[in-house]
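Work through these exercises with the structure open beside you. Try each task before you read its solution.

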Amino acid sequence: MRKEDKALIIEKLGQELKEYPHFYLFDLAGLDAARTSALRRMCFKSEVKMEVVKNTLLHKAFENSEIDYSPLYGVLKGATAVVFTNVANAPAKMLKDFMKNSKDETPALKAAYAEEGFYVGADQLDALCAIKSKNEVIAEIVAMLQSPMQGVVSALESGASTIHGVLETLAEKGE
């Protein structure tokens with residue numbers, strides 16, 4: 001590969017690191033063409049972008065970035081795919097689903113950068129699945145805010161019927 005081509009790839013990876021807030025590194029060693037194709041289709045359906053990259057070029061892109069990605073340098077060995085995403089837990093859930101249908105442990109999670117934190121090792125997959133997306137957090141907050149309001153509204157409604165009953169009773173006694 002020519003030096004100019006390498007520089008273009010490093011620049012492209014750098015732009016993607018800036019564009020996407022989260023990314024995962026998968027180990028693709030042992031995947032045949034059919035399973036790699038199936039993984040790419042799942043990525044497309046999950047709205048994540050997967051690229052197979054040379055480790056040295058990705059390392060250079062990490063070094064050129066404003067963020068210190070040094071905790072990820074140690075996993076840049078073997079066949080590596082970078083999965084870029086806007087939703088922190090989407091690739092983790094996708095990988096878990098993909099591995100359910102797999103007889104072996106490939107592809108494996110090497111590492112991830114999600115919610116401004118580093119997750120290194122395949123054992124971090126469950127922790128990454130548990131990360132809540134922005135929409136999930138907003139839905140939980142709305143539900144928490146609605147709960148007290150619903151209690152107040154129902155108390156007011158029940159209080160209104162109680163007051164109405166008391167007033168009717170008093171009106172009947174007055175006659």
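**Exercise 1. Is Glu 116 buried, partly exposed or exposed, and what is the sign of its phi?**

Step 1. Glu 116 counts as exposed because its relative accessibility is 71%. The cut-offs are these: buried is under 20% relative accessible area, exposed is over 50%, and partly exposed is in between (1.4 Å probe, protein chains only).

Step 2. Locate Glu 116: this residue sits in the loop between E4 and E5. Helices (H or I, at least four residues) and strands (E, at least two) are DSSP runs, numbered from the N terminus.

Step 3. Glu 116 has a positive phi of about 60 degrees, although it is not a glycine. Most residues other than glycine have a negative phi.

Step 4. Look at Glu 115, which is found in the loop between E4 and strand E5 (117-120). Its phi is near 50 degrees, again a positive value in a residue other than glycine. Glu 115 is partly exposed, with a relative accessible area of 45%.

A note on the source: this is a predicted model, where local features need pLDDT of at least 70, side-chain atom pairs count only at pLDDT 80 or more, and totals for chains, interfaces and linings use all residues. Residues are numbered from 1 along each chain as its sequence is written, and side-chain values use heavy atoms, with hydrogens and water left out.

**Exercise 2. Which residues of H2 are buried, and where do they lie around the axis?**

Step 1. Helix H2 (residues 33-45) has 13 residues. From its first C-alpha to its last, H2 reaches 18 Å, close to the 18 Å expected at 1.5 Å a residue. The expected span is 1.5 Å times one less than the number of residues.

Step 2. Thr 36, Leu 39 and Cys 43 are the buried residues to mark in H2. They lie on the same side of H2, because they cover an arc of only 60 degrees around the axis. The arc is that of the directions from the helix axis to the C-beta atoms.

Step 3. Turn to the face of H2 that points away from the buried side: it carries the exposed residues Ala 34, Phe 44 and Lys 45.

Step 4. Find the cover. Strand E2 (49-53) and helix H4 (90-100) are among the parts that cover the buried residues of H2. Contact here means heavy atoms within 4.5 Å.

**Exercise 3. Which residues touch the most other members of the largest nonpolar core?**

Step 1. Define the core. A nonpolar core is a set of buried Ala, Val, Leu, Ile, Met, Phe, Trp, Tyr and Cys residues joined through side-chain atoms within 4.5 Å.

Step 2. The largest core has 25 residues, and Tyr 24, Phe 26, Leu 39, Leu 109 and Leu 128 touch the most other members.

Step 3. Trace the suppliers. Strand E1 (22-27), H2, strand E3 (80-85), H4, strand E4 (108-114) and helix H5 (125-130) each give at least two residues to this core. H4 provides the largest share, 6 residues.

Step 4. Set this beside a second, separate core of 19 residues, which includes Ile 10, Leu 25, Leu 76 and Val 82.

Step 5. Recall the general trend: in soluble globular proteins, nonpolar side chains tend to be buried together.

**Exercise 4. Where does Leu 28 lie, and what does it touch?**

Step 1. Leu 28 is in the loop between E1 and H2. At 10% relative accessibility, Leu 28 counts as buried.

Step 2. Not counting residues up to four places away in sequence, Leu 28 touches Leu 39, Val 52, Ala 79, Ala 81 and Pro 107.

Step 3. Check Pro 107 along the chain: Leu 28 and Pro 107 are 79 residues apart, yet their C-alpha atoms are separated by 5.0 Å.

**Exercise 5. Which parts does the salt bridge of Asp 126 and Lys 96 tie together?**

Step 1. A salt bridge is a side-chain nitrogen of Lys or Arg within 4 Å of a carboxyl oxygen of Asp or Glu. The structure holds 7 of them.

Step 2. The side chains of Asp 126 and Lys 96 meet at 2.3 Å, N to O. Asp 126 lies in helix H5 and Lys 96 in helix H4, so the pair ties together parts that are 30 residues apart in sequence.

Step 3. Classify both ends: Asp 126 is partly exposed at 48% relative accessibility, and Lys 96 is partly exposed at 33%.
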